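User: I am new to this structure and would like a short walk through it. Could we go from the overall fold to the details?

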Amino acid sequence: MSNSTQCLALVTGATSGIGQAFARRLANSGYNVIAVGRRQDRLDALAAEFPAGKIRPVVADLSQTEGQNRVAELCRQEPLTLLINNAGVAHYMAFTALPVEKASELLQVKVVAPTLLAHAAAPGMVARNTGTIINVAGMLGFGATAPLGQAAGRATYVAALSHLVSLSLALNEELKPAGLNVQVLCPGVVATEFHERQGMDLSALPRMSAEDVVTASLRAMEIGEVICAPGVEDVTLLGRALNANLQAFNGQSPKLATRYQ
């Protein structure tokens, strides 16, 4: 972080939680920050904490094509060193009860927008031979079959996080020869407004702070971790999960498996 004086970061979902913590940490570390969010008042308050121009507020709704296009154009035109795709919505709800407009909003914000923003930012990073893309997912990306607990249903949400995990892993393989780094950030339950907006009271549960999540992510950048799981002590668990996936992938053949014959 010490060589970040001339660096430029774009952070989505910067009005609260992890995104706001990223914006503050980066600005304090010398980055100039483009802070993207839906709420002008919160973005202005964040920018007012720093010298003029250090944080540039951009109001955009990433569930809408117009907002996606506006931020994608910034990703294309600005010399970004760091793109943090953090914006999110929860919409935990039984799959058959989830209104189509909420399902669409979730998929636009957590699947379409981060994919398009990464797609817009990557060519410039490749041309400059440097850059990092961080996609904020969550440990539920590995937990599709975990017990539901307080979440009455979360299939669409879990699938969106799984997209970010797979996108990040594949993008890292594709872009690392050009000098780029890709990280997928997978926190567990974090003490933010995220679940409160869903009407879920998790205050009695132990939760990680957004600041600790950011600390883990930035340290993972330094040590070259592609999957950053801030609350997972045994990092070999992640390696074994990836290896199991590859073993299944490599275990296929053009012959019909005997159990189907």
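Analyst: We can take the overall fold, then the cores, then a single residue.

Analyst: Please note that this is a predicted model.

User: How many helices and strands are in the protein chain?

Analyst: The protein chain holds seven helices and seven strands. Along the sequence they follow the pattern β-α-β-α-β-α-β-α-β-α-β-α-β-α.

User: Why does the protein chain count as compact as a globular protein of that length?

Analyst: Its radius of gyration is 19 Å, close to the 18 Å that the globule rule gives for 261 residues, so the chain is as compact as a globular protein of that length. Along the principal axes, the C-alpha atoms fill a box of roughly 70 × 45 × 35 Å.

User: What share of the residues is buried?

Analyst: Of the 261 residues, 46% count as buried. The chain exposes about 13,200 Å², and carbon and sulfur atoms supply 55% of that area.

User: And the charges, how many are there of each sign?

Analyst: There are 20 positive and 20 negative side chains, and the centres of the two sets lie 4 Å apart.

User: Turning to the interior, which residues of the largest nonpolar core touch the most other members?

Analyst: That core has 42 residues, and Leu10, Ile34, Val71, Cys75, Leu80 and Leu83 touch the most other members. At least two core residues come from each of β1 (8-12), β2 (32-37), α3 (65-77), α4 (100-128), α5 (155-175) and β6 (180-185). The largest share, nine residues, is supplied by α4.

User: What is Leu80 in contact with?

Analyst: Setting aside neighbours within four places in sequence, Leu80 is in contact with Leu8, Ala9, Leu10, Ile34, Cys75, Ala121, Met125 and Arg128. There is also a second, separate core of 30 residues, which includes Ala27, Tyr31, Val136 and Val213.

User: A change of topic: where does Leu62 lie?

Analyst: Leu62 lies in the loop between β3 (55-59) and α3.

User: Is Leu62 buried or exposed?

Analyst: Leu62 has 6% relative accessibility, so it counts as buried, the cut-off being under 20%. Leaving aside neighbours within four places in sequence, its contacts include Thr12, Val71, Ala87, Gln108 and Leu117.

User: How far apart are Leu62 and Val232?

Analyst: Leu62 and Val232 are 170 residues apart in sequence, and their C-alpha atoms are 30 Å apart in space.

User: Finally, what share of the contacts joins residues at least 24 apart?

Analyst: Among contacts between residues at least 6 apart in sequence, 66% join residues at least 24 apart.

How values were computed: Residues numbered from 1 in each chain as written. Predicted model: local features only at pLDDT ≥ 70, side-chain atom pairs only at ≥ 80, totals over all residues. Heavy atoms only, no water. Helix = DSSP H or I, 4+ residues; strand = E, 2+ residues; numbered from the N terminus. Rg over C-alpha atoms; globule rule 2.2 N^0.38 Å. Buried < 20%, exposed > 50% of the residue type's maximum accessible area, 1.4 Å probe, protein only. Contact = heavy atoms within 4.5 Å. Areas by Shrake-Rupley, 256 points an atom, 1.4 Å probe, with all protein chains shown as cover. Lys, Arg positive; Asp, Glu negative; His and termini not counted. Charge placed at Lys NZ, Arg CZ, Asp CG, Glu CD. Core = buried A, V, L, I, M, F, W, Y, C linked by side-chain atoms within 4.5 Å.
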